[in-house]
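Here are some friendly notes to read alongside the sequence and the structure. Take the points in order, and keep the 3D view open as you go.

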Amino acid sequence: MIPAQETRDPRALLIAQITDIHVGFAPDEKPEELNLTRFRAVLERLFHGPNVPDLLVLSGDITDHGDGESFAKTAALLEGCPCPIVPMVGNHDSREGLLGAFPHMEAAEGGFLHWAFEMAGLRIICLDSLEDGRHGGAFCEARAAWLTARLAEAPETPTLIFLHHPPVVAGIDWMDPAPDEPWIVRLRSVLEGQTQVQAIHCGHLHRQITTRFAGIPLGVTPSVAPLVAMDLSAIDQDVPDDRELITTEPPTYALHRWDGQRLVSHYERVGDWQVLARYTQGLQPMIRDMFAERG
């Protein structure tokens with residue numbers, strides 16, 4: 001499924017995570033829908049900047065309606081991608097649409113789009129948390145059995161898990177699950193005590209979140225599509241209070257760096273930033289001094 005590939009930097013494996021693109025949300029916008037424009041900007045930065053990844057994970061809500069046309073537009077922008085691509089389903093996607101646009105992927109037993117593979121000594125597990133017709137996540141007995149088996153295959157191998165839905169309450173009331181939803185309880189029971197799992201990385205919330213789940217560090221990568229507003233106050237579904245819900249904060253992606261011993265995650269907003277300093281001869285003494293301090 002994932003082509004064998006050496007990392008470009010022998011010191012580290014770089015895994016890019018792009019999430020919640022929502023292609024097709026406003027397809028009539030001219031000259032191009034906003035979410036496609038934001039996605040194009042992220043890809044330009046990622047593929048032509050200083051940190052070209054060894055793997056690209058699209059962690060769900062690639063499209064807004066799960067339709068073939070939106071998946072095809074996404075796949076077209078990814079033509080020429082310099083690394084393997086692992087697309088995942090979110091609650092806005094469809095498994096059929098994803099497989100049609102990314103024919104190198106194959107459904108597992110039961111039709112689920114979950115996979116496990118290894119790169120540079122790091123085991124990567126991508127989970128399927130889609131339940132058709134439901135906004136929130138899902139993790140049934142069949143998926144729990146699959147994950148249990150995959151973890152048991154390599155209990156000593158450092159492992160990174162991706163899934164679309166964060167199994168945590170973040171405090172954004174209208175986006176959060178209930179803390180005791182059965183799928184969350186089931187996922188926690190599988191992951192508790194799995195010390196080889198270095199981190200869990202998710203999407204869905206359209207904001208950057210850092211917490212722990214089942215004793216494991218958990219991060220949420222912000223969206224490519226417009227972000228969810230930062231409002232942690234309670235919301236009353238019966239009283240519209242004119243609060244902000246969605247904002248045009250810049251699109252963001254994550255870069256997860258594995259050096260063979262530790263996993264470090266970086267997040268970059270993509271925008272028209274001004275460069276204030278470059279590595280020139282004038283700043284070379286400063287760079288040398290900083291290396292010298294390492295001892």
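1. Let us begin just after helix 5, where Gly193 takes a positive phi of about 85°. Please keep in mind throughout that this is a predicted model.

2. Now step back into helix 5 itself, residues 182–191. Its buried residues are Trp183, Ile184, Leu187, Val190 and Leu191. Because these residues cover an arc of only 125° around the axis, they sit on the same side of helix 5. What do the buried residues of helix 5 pack against? Their partners are helix 4 (141–153) together with four strands: strand 6 (159–162), strand 7, strand 8 and strand 9 (216–220).

3. Helix 4 also holds Arg150. Is Arg150 buried or exposed? With a relative accessible area of 19%, Arg150 counts as buried, because the cut-off for buried is under 20%. Leaving aside neighbours within four places in sequence, Arg150 is in contact with Ala116, Arg123 and Ile125.

4. Between strand 4 (115–119) and strand 5 (122–126) there is a loop, and Ala120 is found in it. Have a look at the backbone here: Ala120 has a positive phi of about 50°, although it is not a glycine.

5. His206 is another residue with a positive phi that is not a glycine, with a value of about 60°. You will find His206 in the loop between strand 7 (197–202) and strand 8 (209–213). His206 has a relative accessibility of 9%, so it counts as buried.

6. His206 leads us to the largest pocket, which holds about 340 Å³ of space. Which of its 21 lining residues are closest to the centre? They are His22, Phe25, Asp64, His206 and Ile246. By type, the lining of the largest pocket divides into nine nonpolar, seven polar and five charged residues.

7. Next, please find Gln17 in strand 1, residues 13–18. Gln17 is buried, with a relative accessible area of 0%. The side chain of Gln17 makes a polar contact with the side chain of Thr221, at 2.8 Å. Not counting residues up to four places away in sequence, Gln17 touches a list of residues that includes Val57, Ser59, Phe162, Tyr253, Ala254 and His256. His201, Cys202 and Gly203 are also among the residues that Gln17 touches.

8. The second largest pocket has a volume of about 200 Å³. Tyr279 and Ile287 line this pocket. Tyr279 also touches Ile287, and Gln284 as well, when residues up to four places away in sequence are not counted.

9. Where is Tyr279 found? Tyr279 belongs to the loop between strand 13 (263–269) and helix 6 (284–292). The relative accessible area of Tyr279 is 57%, so this residue is exposed. For a sense of distance, pick out Met88 too: Tyr279 and Met88 are 191 residues apart in sequence and 38 Å apart in space, C-alpha to C-alpha.

10. To finish, two residues are worth a second look in the viewer. Gln17 is buried, with a relative accessible area of 0%, whereas Tyr279 is exposed, with a relative accessible area of 57%.

Definitions and conventions:
Residues numbered from 1 in each chain as written. Predicted model: local features only at pLDDT ≥ 70, side-chain atom pairs only at ≥ 80, totals over all residues. Heavy atoms only, no water. 1 Å grid on protein atoms, 1.4 Å probe; cavity = no way out; pocket = protein on both sides within 12 Å on 5 of 7 lines; lining within 4 Å. Points joined across faces, edges and corners; volume = space filled by probe spheres on them. Nonpolar A, V, L, I, M, F, W, Y, C, P; charged D, E, K, R; others polar. Helix = DSSP H or I, 4+ residues; strand = E, 2+ residues; numbered from the N terminus. Buried < 20%, exposed > 50% of the residue type's maximum accessible area, 1.4 Å probe, protein only. Arc of directions from axis to C-beta. Contact = heavy atoms within 4.5 Å. Polar contact = N/O pair within 3.5 Å; in protein donor to acceptor, adjacent residues only side chain to side chain.
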